[in-house]
Amino acid sequence: LLGERDIFHMIALYDEAIKFADEKIGLFLREVRDIGLSENTIIIFTSEHGDMFGKHGRFMRGGPLRGTFYDDVLHIPLIIKLPKISFKRLDGLVSHVDILPSLLDFLGLKSQHNLSGKSLIPLILQNKEVNPYVFAGSEFTPSQDNIYFFKKTRVDAVRSKQWKLIQETIFDSAMHQAMLDQTVELYDIVNDKEELNNLKDEKQDALRSLQQSLNMWLRDMGK
């Protein structure tokens, strides 16, 4: 029911929030510099998710009701400032789960736990890839008195440097795990950055390869 003017207004509010956050982060970084901590402090900036504004008929972030795992939501900023490391822009695939192992590695500390992520230090220092794939998943159970949608849903995604698979599953109810419906989307994100052309029927080899990797990850997650 949203028109173009409504969407324009939503985007304007979103841009305003980004500008506000940018100003506050600038104040924080200036304070770090002014008290003399810039050269011996690790600073990490990232975000939880992006938002959709009408693409594929979807709005806001992944999770509510059906959700979405297009790059508008999943491709988020990650800036890591390490002492004595010069600025560089890297093109490797990374996830939030890689941040903690990276910090421990940089500080020379060992973890007593089996961490899911990988250290990004080889990527940062030697431009060496650490992740052939990255994954994302979200499960949502709406209230049973929701008049619009009350099925349990799960959306999973895996991507390589070229391909992106999004798999969305609807279960028969909030209480049962029997699959009611499933949609599969495959995108060539090198040539289709906006994820508009679903190639699941044309690129079967890429689809099977990504599904195999995704299924292995889901098994590790206990799904």
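This is a guided tour of a predicted model, going from the whole chain to its sheet, its helices and a few individual side chains.

**The whole chain**

Begin with the full protein chain in cartoon view, where 5 helices and 8 strands can be picked out, following one another from the N terminus in the order α-β-β-β-α-β-α-α-β-β-β-β-α. The C-alpha trace spans about 55 × 40 × 35 Å along its principal axes, and buried residues make up 34% of the 223 residues. If the surface is switched on, its accessible area comes to about 14,800 Å², of which 55% belongs to carbon and sulfur atoms.

**The four-stranded sheet**

Next, select residues 134-140, which are β5, together with 153-159 for β6, 163-171 for β7 and 179-188 for β8. These 4 strands form an open, antiparallel sheet in the order β5-β6-β7-β8. The strands β5 and β8 stand at the edges with a single partner each, so one side of each is left without a neighbour in the sheet. Neighbouring strands are turned by 10° against each other on average, if direction is ignored.

Now narrow the selection to β7. A hairpin of 3 residues leads into β7 from β6, and these two strands pair in the antiparallel sense over 7 bridges, with V158 standing opposite L165. On the other pairing, 9 bridges join β7 to β8, and here W163 stands opposite D188.

How many of the residues of β7 are buried? The count is 9 of the 9, so the strand is largely enclosed by the rest of the structure. In a regular strand the side chains alternate between the two faces of the sheet. Show the side chains of β7 and both faces prove to be covered, with W163, L165, Q167, T169 and F171 buried on one side and K164, I166, E168 and I170 buried on the other.

**Helices around the core**

Add residues 204-220 to the view: this is helix α5, which lies across β5, β6, β7 and β8 and runs at about 60° to β7. Then move to helix α3, residues 99-107, whose buried residues are I99, P101, S102 and L104. The elements that cover these residues include β1 (43-46), β4 (78-81) and α4 (121-126). Just after α3, G108 takes a positive phi of about 70°.

**A nonpolar patch on the surface**

Select I25, F28, L29, F45 and I79, which together make a nonpolar surface patch of about 440 Å². Helix α1, residues 4-34, gives the most to this patch, with 3 residues, and F28 is placed in that helix.

**Two residues with positive phi**

Most residues other than glycine have a negative phi. Two loop residues are therefore worth selecting, beginning with K84, whose phi is near 70°. K84 is found in the loop between β4 and α3 and is exposed, with a relative accessible area of 78%. The other is E195, with phi near 55°, in the loop between β8 and α5. Is E195 buried or exposed? With a relative accessible area of 0%, E195 is buried.

**Salt bridges**

The model holds 14 salt bridges, and three of them make useful stops on the tour.

Select E194 and K55 first, whose closest N and O atoms are 3.2 Å apart. This pair links distant parts of the chain, since E194 sits in the loop between β8 and α5 and K55 in the loop between β2 (52-53) and β3 (59-60), 139 residues apart. E194 is partly exposed at 45% relative accessibility, whereas K55 is buried at 14%.

Then select D71 and R159, whose side chains meet at 2.6 Å, N to O. D71 lies in helix α2 and R159 in strand β6, so the pair ties together parts that are 88 residues apart in sequence. Both D71 and R159 are buried.

Continue with K152 and E139, a salt bridge of 3.5 Å, N to O, in which K152 belongs to the loop between β5 and β6 and E139 to strand β5, 13 residues apart. K152 is buried, with a relative accessible area of 9%, while E139 is partly exposed at 34%.

Finally, select D71, R159, K164 and E195 together, which salt bridges with shared partners join into one network. Two of its members have been met elsewhere on the tour: K164 among the buried residues of β7, and E195 as a loop residue with positive phi.

Terms used: Residues numbered from 1 in each chain as written. Predicted model: local features only at pLDDT ≥ 70, side-chain atom pairs only at ≥ 80, totals over all residues. Heavy atoms only, no water. Buried < 20%, exposed > 50% of the residue type's maximum accessible area, 1.4 Å probe, protein only. Pairing = 2+ DSSP bridges. Contact = heavy atoms within 4.5 Å. Axes fitted to C-alpha atoms, helices over the stretch in contact; angles between N-to-C directions. Patch = residues over 30% accessible without salt bridge, like charges linked within 9 Å, V, L, I, M, F, W, Y side chains within 5 Å. Areas by Shrake-Rupley, 256 points an atom, 1.4 Å probe, with all protein chains shown as cover. Salt bridge = Lys/Arg side-chain N within 4 Å of Asp/Glu carboxyl O.
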